[in-house]
Amino acid sequence: MTKKTILTVDDDPNIRDYLEAVFTDNGYNVVLAENGDKALEILKDLRPDLITLDVEMPDKSGPWVGRAIQKDTSLATIPIVVITGHSELTYIIPKAAAFLAKPFEADEVVRVVRGILGE
């Protein structure tokens, strides 16, 4: 079985590293982007199975990136899991498959991702 790929977009290097370790330990390929511009650059060549997306980032915010993804028909079907420290912003990316508030537990992230990917 081919490993599924997750694109993790977060400006906090600690969160990126943590999610990379969690997903890698659970059998996923992980690609990291430190901001929205980098994520969109990666998405020109990569079609991940799932994207984790922070809301508040310095260049292009998570909602901006989410809208760009939804407007591109080749990307619009990729599920997005919003991971943010702003728990009040649950619906800021309307078509997100799931929303997780920071801090989060590794088991919870894996459970959500597996559920979305049908594993």
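Is Lys102 buried, partly exposed or exposed? With a relative accessible area of 22%, Lys102 is partly exposed, and this residue is a useful place to start, as several topics below return to it. The model described here is a predicted one, and the points that follow take up its salt bridges, a cis peptide bond, a pair of helices and some residues with their surroundings. Four salt bridges are found in the structure.

**Lys102, Asp54 and their network**

- A salt bridge joins Asp54 with Lys102, and the closest N and O atoms of this pair are 3.6 Å apart.
- Asp54 belongs to the loop between β3 and α3, while Lys102 belongs to the loop between β5 (98–101) and α4, so the salt bridge ties together parts of the chain that are 48 residues apart in sequence.
- Asp54 is buried, with a relative accessible area of 3%, whereas its partner Lys102 is partly exposed at 22%.
- Through salt bridges that share partners, Asp10, Asp54 and Lys102 are joined into one network.

**The cis peptide bond after Lys102**

- The peptide bond that leads from Lys102 to Pro103 is cis, and its omega is near -5°.
- As a general background to this point, most peptide bonds are trans.
- Pro103 is placed in the loop between β5 and α4.

**Salt bridges that involve helix α2**

- As a general matter, side chains of opposite charge can pair when their charged atoms come close.
- The side chains of Lys60 and Asp37 form a salt bridge, with a distance of 2.8 Å from N to O.
- Lys60 is in the loop between β3 (50–53) and α3 (62–71), and Asp37 is in helix α2 (residues 36–42), so this pair ties together parts that are 23 residues apart in sequence.
- Both ends of this salt bridge are partly exposed, Lys60 having a relative accessibility of 25% and Asp37 one of 37%.
- A further salt bridge links Lys38 with Glu41, where the closest N and O atoms are 3.8 Å apart.
- Lys38 and Glu41 both belong to helix α2 and are three residues apart, which is about one turn of the helix.
- Lys38 is partly exposed, with a relative accessible area of 29%, and Glu41 also counts as partly exposed, at 46% relative accessibility.

**Helices α1 and α4**

- The axes of helix α1 (residues 13–25) and helix α4 (residues 106–117) come within 10 Å of each other and cross at roughly 60°.
- Helices α1 and α4 are therefore oblique to each other, and α1 passes α4 in a right-handed crossing.
- On the side of α1 the contact is made by Tyr18, Leu19, Val22 and Phe23, and on the side of α4 by Ala106, Val109, Val110 and Val113.
- Sorted by class, the contact of α1 with α4 has eight nonpolar residues, with no polar and no charged residues.

**Ile15 and its surroundings**

- Ile15 has its place in helix α1, where it counts as buried at 16% relative accessibility.
- When neighbours within four places in sequence are left aside, Ile15 is in contact with Asp10, Lys102 and Phe104; among these, Asp10 and Lys102 also belong to the salt-bridge network with Asp54.
- Ile15 and Asp54 are 39 residues apart in sequence, and their C-alpha atoms are 9.7 Å apart in space.

**Val65, Asp37 and the residues around them**

- Val65 is located in helix α3 and is buried, with a relative accessible area of 1%.
- Not counting residues up to four places away in sequence, Val65 touches Gly36, Leu40, Leu53 and Lys60.
- From C-alpha to C-alpha, Val65 and Ala39 are 8.1 Å apart in space, although 26 residues separate them in sequence.
- The C-alpha atoms of Asp37 and Val65 are separated by 8.2 Å, and these two residues are 28 residues apart along the chain.
- Asp37, which is found in helix α2, touches Asp59 and Lys60 when residues up to four places away in sequence are not counted.
- Lys60 is thus a residue touched by Val65 and also by Asp37, and with Asp37 it forms the salt bridge described above.

Notes. Residues are numbered from 1 along each chain as its sequence is written. This is a predicted model: local features need pLDDT of at least 70, side-chain atom pairs count only at pLDDT 80 or more; totals for chains, interfaces and linings use all residues. Side-chain values use heavy atoms; hydrogens and water are left out. Axes are lines fitted to C-alpha atoms, for helices over the stretch in contact, and angles run from 0 to 180 degrees between N-to-C directions. Helices (H or I, at least four residues) and strands (E, at least two) are DSSP runs, numbered from the N terminus. Angles under 35 degrees count as roughly parallel, over 145 as roughly antiparallel, 65 to 115 as roughly perpendicular and the rest as oblique. A crossing is left-handed if the near helix is turned anticlockwise from the far one by less than a right angle, and right-handed if clockwise. Contact means heavy atoms within 4.5 Å. Ala, Val, Leu, Ile, Met, Phe, Trp, Tyr, Cys and Pro count as nonpolar, Asp, Glu, Lys and Arg as charged, and the others, Gly among them, as polar. Buried means under 20% relative accessible area, exposed over 50%, partly exposed in between (1.4 Å probe, protein chains only).
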